[in-house]
Amino acid sequence: MATPKKSVAKTTIEATTLYMLAGAHHGVRTLIESALKPLDLTPLQYTVLSIIEHRPGLSSAALARRFYVTAQNMGQLLVTLEKRGLLTRLENEENRRHLTITLTDEGHRLQAVGASQMQLVERAVLANVPKEAVATLRETLATIIATLRS
């Protein structure tokens, strides 16, 4: 006697936008980690160097707020980068409780090499995405970031 076939209900689960965003994040993060490994930098360390490159003089507290981490965690990260000779933290003459952060020559050099690596990763990730869609994606992500920071 033949065994009756079981009916398999086909269900389609549509991924949420946040799930898709997280999936993209994890994939891109893996590529970024690989690109930065030869520089002995984590993605967070590279990003901190990049922000300081473009906004020298920021305080540790301002960086901590920007990355949604505690001041203590940011302080530890900055100490690590300072010990590597990539940045300096100097007392702010206007407010001695704040240390201003600037990159050393080696910090500038390493950030520039990292920036070149990030451009390669970005080109690879977006290679199959039309330019107009990239522009729309950038606008959308900027809106999301602004919303999260407010």
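**Notes on how the helices pack**

1. Let's start with a pair of neighbours: helices α3 and α4 are roughly perpendicular to each other, because their angle falls in the 65 to 115 degree range that counts as such. Keep in mind as you look that this is a predicted model.

2. Here are the details of that pair. Helix α3 covers residues 60–67 and helix α4 covers residues 71–83; they pack at an angle of about 110°, and their axes are 9 Å apart. As for handedness, the crossing of α3 with α4 is right-handed. Which residues make the contact? On the α3 side you'll find S60, L63, A64 and F67, and on the α4 side A71, M74, G75 and L78. Sorted by class, that contact has 6 nonpolar residues, 2 polar ones and no charged ones.

3. Now have a look at helix α1 (residues 17–36) and helix α5 (residues 105–125). Their axes come within 10 Å and cross at roughly 145°. This crossing is right-handed. From α1, the residues that meet α5 are V28, L31, I32, A35 and L36. Their partners in α5 are G114, Q117, M118, V121 and V125. The class count for α1 with α5 comes to 8 nonpolar, 2 polar and no charged residues.

4. Next, the inside. The largest nonpolar core has 25 residues, and the ones that touch the most other members are L41, V48, I52, L63, M74, L78 and L81. Which elements give two or more residues to this core? They are α1, α2 (43–54), α3, α4, β2 (99–103) and α5. The largest share comes from α2, with 5 residues.

5. L63 is a good residue to click on, since you've met this name twice already. L63 belongs to the α3 side of the contact with α4, and L63 is also listed among the core residues that touch the most other members. What is L63 in contact with, leaving aside neighbours within four places in sequence? The list is V48, I51, I52, L58, M74, L78 and I101. Among these, M74 and L78 also turn up on the α4 side of the helix contact.

6. Finally, a residue outside the helices above. A127 sits in the loop between α5 and α6 (131–149). Is A127 buried or exposed? With a relative accessible area of 55%, A127 is exposed, because the cut-off for that word is over 50%. Try finding E94 as well: A127 and E94 are 33 residues apart in sequence, and their C-alpha atoms are 47 Å apart in space.

How values were computed:
Residues numbered from 1 in each chain as written. Predicted model: local features only at pLDDT ≥ 70, side-chain atom pairs only at ≥ 80, totals over all residues. Heavy atoms only, no water. Axes fitted to C-alpha atoms, helices over the stretch in contact; angles between N-to-C directions. Helix = DSSP H or I, 4+ residues; strand = E, 2+ residues; numbered from the N terminus. Left-handed = near helix turned anticlockwise from the far one by under 90°. Contact = heavy atoms within 4.5 Å. Nonpolar A, V, L, I, M, F, W, Y, C, P; charged D, E, K, R; others polar. Parallel < 35°, antiparallel > 145°, perpendicular 65-115°, else oblique. Core = buried A, V, L, I, M, F, W, Y, C linked by side-chain atoms within 4.5 Å. Buried < 20%, exposed > 50% of the residue type's maximum accessible area, 1.4 Å probe, protein only.
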